[in-house]
Amino acid sequence: MVGDFNDWRPGSHQMLERPDGSRAGRVALPVNQRHGFRYLADGGHWRDEDGADGHDGHDGRNSLLHT
């Protein structure tokens with residue numbers, strides 16, 4: 001998981017596999033801000049969050065989350 005909250009540095013926030021096969025990560029973010037982020041999968045493949053925060057959604061390249 002990479003984003004403006006970790007200066008887009010891969011490996012700063014790892015996604016851990018859950019028993020059901022999905023992955024999850026946790027990041028503490030300041031409130032009342034908008035954050036861009038994406039997922040960097042194995043093999044260097046970028047993934048977006050399809051359900052990113054309702055109306056904020058995407059900025060044309062990154063998923064957006066409003067805290």
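Me: A patch is made of residues with over 30% relative accessible area and no salt bridge, joining like charges within 9 Å and nonpolar side chains (Val, Leu, Ile, Met, Phe, Trp, Tyr) within 5 Å. So which residues form a nonpolar patch on the surface here?

Reply: Keep in mind that this is a predicted model, where local features need pLDDT of at least 70, side-chain atom pairs count only at pLDDT 80 or more, and totals for chains, interfaces and linings use all residues. Residues are numbered from 1 along each chain as its sequence is written, and side-chain values use heavy atoms, without hydrogens and water. Together the patch has about 260 Å² of accessible area (Shrake-Rupley method, 1.4 Å probe, with only the protein chains shown as cover). Its members are Trp8, Leu40 and Trp46.

Me: How many strands does the chain have?

Reply: Helices (H or I, at least four residues) and strands (E, at least two) are DSSP runs, numbered from the N terminus. The chain has 0 helices, and reading along the sequence gives the pattern β-β-β-β-β-β. The number of strands is 6.

Me: Where does tryptophan 8 lie?

Reply: Tryptophan 8 belongs to that surface patch with Leu40 and Trp46. To find it in the sequence, look at the loop between strand S1 (2-3) and strand S2 (16-17).

Me: Is tryptophan 8 buried or exposed?

Reply: Buried means under 20% relative accessible area, exposed over 50%, and partly exposed in between (1.4 Å probe, protein chains only). Tryptophan 8 has 33% relative accessibility, so tryptophan 8 counts as partly exposed.

Me: What is phi of tryptophan 8 near?

Reply: Here's a quirk of the backbone. Tryptophan 8 isn't a glycine, yet its phi is positive. The value is near 60°.

Me: Which loop holds asparagine 32, another residue with a positive phi?

Reply: Asparagine 32 has a phi of about 60° although it is not a glycine. Asparagine 32 counts as exposed because its relative accessible area is 62%. Its place in the chain is the loop between strand S3 (23-24) and S4.

Me: How many salt bridges does a search of the whole structure find?

Reply: For a salt bridge, a side-chain nitrogen of Lys or Arg has to be within 4 Å of a carboxyl oxygen of Asp or Glu. One of the pairs is glutamate 17 with arginine 23, and aspartate 48 with arginine 38 is a pair too. The search finds 2.

Me: How far apart are the closest N and O atoms of glutamate 17 and arginine 23?

Reply: Glutamate 17 is exposed, as its relative accessible area is 53%. Arginine 23 has 49%, so that one is partly exposed. In their salt bridge, the closest N and O atoms are apart by 3.9 Å.

Me: And how far apart are the closest N and O atoms of aspartate 48 and arginine 38?

Reply: These two form a salt bridge, with the closest N and O atoms 2.9 Å apart. This pair links distant parts of the chain, 10 residues apart: aspartate 48 sits in the loop between strand S5 (45-47) and strand S6 (63-66), while arginine 38 sits in strand S4 (residues 34-41). So the distance you want is 2.9 Å.

Me: Is arginine 38 buried or exposed?

Reply: Its partner, aspartate 48, is partly exposed, with a relative accessible area of 32%. Arginine 38 has 12% relative accessibility, so arginine 38 counts as buried.

Me: What percentage of the 67 residues count as buried?

Reply: Arginine 38 is one residue that counts as buried. For the 67 residues of the protein chain, the buried share is 22%.
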